[in-house]
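Reader: Hello! I have a model open on my screen and would like a close look at one part of it. Could you walk me through that part and then show me how the rest fits around it?

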Amino acid sequence: MLNATLPRKRVIVQGIVRDGQGRILLCELTYKRDWDLPGGVAEPAESPVLSLERELVEELGLELGVGDLLAVDWLPPYKQWEDAVLLVFDVGTHPDLHERA
């Protein structure tokens, strides 16, 4: 099939979570020195929204609704990772986030 000959691209999803005081949540990562938005790699055949919802539960222990798509970017190869498409979604404002997480 034609599909078997086409390239595949990794999809990374992240969310912007606000706390009501103008701050955006960043996560301290274990696999690199940088802080980053919560999120991760979408599983094969998993929708980006469901992927981000899953990642938010895994990383924060919270079920947060995923809103509008805010940005799309391309990430070049990084260390052992191949390039990827990055999708950034609005996860809304959660004034009680500090207490819930």
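How many bridges join β5 to β6, and do these strands run parallel or antiparallel? Please start there and follow β6 outward to whatever it touches.

Author: Happy to! Please keep in mind that this is a predicted model. The strands β5 and β6 run antiparallel, and 6 bridges join them. One place to see this pairing is Ala71, whose bridge partner in β6 is Val88.

Now look at β1, another partner of β6. These two strands pair in the parallel sense, over 9 bridges. Here you can pick out Val17, which has Gly92 of β6 as its bridge partner. So β6 pairs with β5 in the antiparallel sense and with β1 in the parallel sense, a definition-level pairing that asks for at least two bridges between strands.

From the backbone, let us move to the side chains. The largest nonpolar core has 14 residues, and those with the most contacts inside it are Leu52, Leu56, Leu60, Leu64, Phe89 and Val91. The elements that give two or more residues to this core are β1 (10–18), α2 (48–60) and β6 (84–93). Apart from this core lies another one, of 6 residues, including Ile16, Leu37, Ala84 and Val88. Val88 is thus a name you have met already, as the bridge partner of Ala71. In soluble globular proteins, nonpolar side chains tend to be buried together.

Val91 is a good residue to centre your view on. Setting aside neighbours within four places in sequence, Val91 is in contact with Gly15, Ile16, Val17, Leu52, Leu56, Leu64 and Gly65. Among these contacts, Leu52, Leu56 and Leu64 also belong to the group with the most contacts inside the largest core.

Next, the loop between β5 and β6. Asp83 sits in this loop, and its salt-bridge partner Lys9 is in the loop between α1 (2–5) and β1, so the pair links distant parts of the chain, 74 residues apart. The closest N and O atoms of Lys9 and Asp83 are 2.6 Å apart. Lys9 counts as partly exposed because its relative accessibility is 42%. The loop between β5 (69–75) and β6 also holds Lys79. Although Lys79 is not a glycine, its phi is positive, about 50 degrees. Most residues other than glycine have a negative phi. Lys79 is exposed, because its relative accessibility is 67%.

Ala45 is another non-glycine residue with a positive phi, of about 65 degrees. You will find Ala45 in the loop between β4 (39–41) and α2, where its relative accessible area of 91% makes it exposed.

That brings us to α2 and its charges. Glu58 and Arg54 both lie in this helix, 4 residues apart, about one turn. They form a salt bridge whose closest N and O atoms are 3.1 Å apart. Glu58 is exposed, because its relative accessibility is 52%. Salt bridges that share partners join Glu46, Arg54, Glu55 and Glu58 into one network. Within it, Glu46 also bridges to Arg54, with the closest N and O atoms 2.8 Å apart. Glu46 counts as partly exposed at 22% relative accessibility. Across the whole structure, a search finds 6 salt bridges.

Finally, have a look at the surface. Ile24, Leu26 and Trp35 form a nonpolar patch there, with about 320 Å² of accessible area together. Leu26 is in the loop between β1 and β2 (27–28), and counts as partly exposed because its relative accessibility is 44%.

Note on methods:
Residues are numbered from 1 along each chain as its sequence is written. This is a predicted model: local features need pLDDT of at least 70, side-chain atom pairs count only at pLDDT 80 or more; totals for chains, interfaces and linings use all residues. Side-chain values use heavy atoms; hydrogens and water are left out. A nonpolar core is a set of buried Ala, Val, Leu, Ile, Met, Phe, Trp, Tyr and Cys residues joined through side-chain atoms within 4.5 Å. Buried means under 20% relative accessible area, exposed over 50%, partly exposed in between (1.4 Å probe, protein chains only). Contact means heavy atoms within 4.5 Å. Patches are made of residues with over 30% relative accessible area and no salt bridge: like charges are joined within 9 Å, nonpolar side chains (Val, Leu, Ile, Met, Phe, Trp, Tyr) within 5 Å. Accessible areas come from the Shrake-Rupley method with a 1.4 Å probe; for residues, only the protein chains shown count as cover. A salt bridge is a side-chain nitrogen of Lys or Arg within 4 Å of a carboxyl oxygen of Asp or Glu.
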